[in-house]
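Student: Could you take me slowly through the salt bridges, beginning with how many the structure holds? I would like one connected explanation rather than a list.

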Amino acid sequence: MLTKKQLDLLEFIHKRVQRDGVPPSFDEMKEALDLRSKSGIHRLITALEERGFIRRLAHRARAIEIVKLPDAMADNGPRGFTPQVIEGDRPDSTPHDARPVETTHAIELPVMGKIAAGVPIEAISHAAHSVAVPGGMVAGTCEHYALEVKGDSMIDAGINDGDVVVIKETSTADNGDIVVALVEDQEATLKRFRRNGASIALEAANPAYETRVFNDDQVKVQGRLVGLIRTY
């Protein structure tokens, strides 16, 4: 049995992972649950982990995997929930009780080069190779593509250097979306999008990086993050 706060937090994490492909930051959790400090979030996270609903992923900043959902959420939400972090290239010594990775209905996406999670790098141009992703991650009629992440400015959003992000092509974004932004038609970067009037802020998820603010005509949204693939 979960408390209301525990259930509220689990539901918030679940919705954000389904929407963005990565879990929310502790600050976003604190704000969503209207708590005064992060210590309350830490206690809730620990309680959910002890009850087997989530798993914290070692050596990854604030990376959380939802293991199961309560019956109440499963009945009202999508069936067959699976985490959006796809892990691959594990050694052959996989434990016998581990479930095999589901490979059916995989879709090949072009990896269009590298995207900066740091200062912007040169604009994306040509596909370097392809990667297989679950069909459910790219559902719908929109085009999708993949990019390799370079840098650590989005690490607090669970996006590490070397990860491959799955991007849904779109030219629009809502505040808080993690997007591929093309800056002055020359540089591409992966950041959280915020619009304020005629200005657009591209926010990092790492306190070591400053938020960069541009006029709205200097930034073009090229796509929105929908999934994440991590290889070990």
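Tutor: A residue is called buried when its relative accessible area is under 20%, exposed when that area is over 50%, and partly exposed in between. Keep these two limits in mind, because each charged side chain below is placed on that scale. The model you are looking at is predicted, and the structure holds eight salt bridges.

Let us begin with Arg194, whose side chain meets that of Glu203 in a salt bridge, with 3.2 Å from N to O. Arg194 has a relative accessibility of 30%, and because this value lies between the two limits, Arg194 counts as partly exposed. Its partner, Glu203, is also partly exposed, at 23%.

From there, look at Arg195, which forms a salt bridge with Asp216, the distance from N to O being 3.8 Å. This pair still qualifies because a salt bridge requires the nitrogen to be within 4 Å of the carboxyl oxygen. Arg195 belongs to strand 10, whereas Asp216 sits in the loop between strand 12 (residues 212-215) and strand 13, so this salt bridge ties together parts of the chain that are 21 residues apart in sequence. At 41% relative accessibility Arg195 is partly exposed, and Asp216, at 34%, is partly exposed as well.

Another pair to find is Asp185 with Lys220, where the closest N and O atoms are 3.0 Å apart. Asp185 is in the loop that runs between strand 9 (178-183) and strand 10 (187-196), while Lys220 is in strand 13 (219-231), so the two side chains tie together parts that are 35 residues apart in sequence. Lys220 has a relative accessible area of 42% and is therefore partly exposed.

While you are in that loop between strand 9 and strand 10, notice that Glu184 lies there too. Most residues other than glycine have a negative phi. Glu184, which is not a glycine, instead has a positive phi, near 55 degrees, and it is partly exposed, with a relative accessible area of 43%. A positive phi of about 60 degrees also turns up at Asp34, again not a glycine, which lies in the loop between helix 2 (26-32) and helix 3 (38-50). Asp34, at 69% relative accessibility, counts as exposed.

Helix 2 brings us back to salt bridges, because Arg16, Glu28 and Arg192 are linked in a network of them, and Glu28 is found in helix 2. Is Glu28 buried or exposed? With a relative accessibility of 16%, Glu28 counts as buried. Leaving aside residues up to four places away in sequence, Glu28 touches Phe12 as well as its network partners Arg16 and Arg192.

To see what lies around these charged groups, follow helix 1 (residues 4-20) to helix 3, where the two axes come within 10 Å and cross at roughly 85 degrees. The two helices are therefore roughly perpendicular to each other. On the side of helix 1, Lys5, Gln6, Leu9, Leu10 and Ile13 meet Ile41, Leu44, Ile45, Ala47 and Leu48 of helix 3. Eight of the residues in this contact are nonpolar, one is polar and one is charged.

Strand 13, which carries Lys220, also deserves a second look for its neighbours. Strand 8 (residues 164-168) runs antiparallel to strand 13, and five bridges join them; within this pairing, Lys168 stands opposite Arg224. Strand 8 is joined by five bridges to strand 7 (residues 144-150) as well, again antiparallel, and here Val165 is the bridge partner of Leu147. Four of the five residues of strand 8 are buried, which leaves the strand mostly covered.

Finally, set these details against the whole protein, which comes to four helices and 13 strands, and in which buried residues make up 44% of the 232 residues. Among contacts with a separation of 6 or more, 61% are between residues 24 or more positions apart.

How values were computed:
Residues numbered from 1 in each chain as written. Predicted model: local features only at pLDDT ≥ 70, side-chain atom pairs only at ≥ 80, totals over all residues. Heavy atoms only, no water. Buried < 20%, exposed > 50% of the residue type's maximum accessible area, 1.4 Å probe, protein only. Pairing = 2+ DSSP bridges. Axes fitted to C-alpha atoms, helices over the stretch in contact; angles between N-to-C directions. Parallel < 35°, antiparallel > 145°, perpendicular 65-115°, else oblique. Contact = heavy atoms within 4.5 Å. Nonpolar A, V, L, I, M, F, W, Y, C, P; charged D, E, K, R; others polar.
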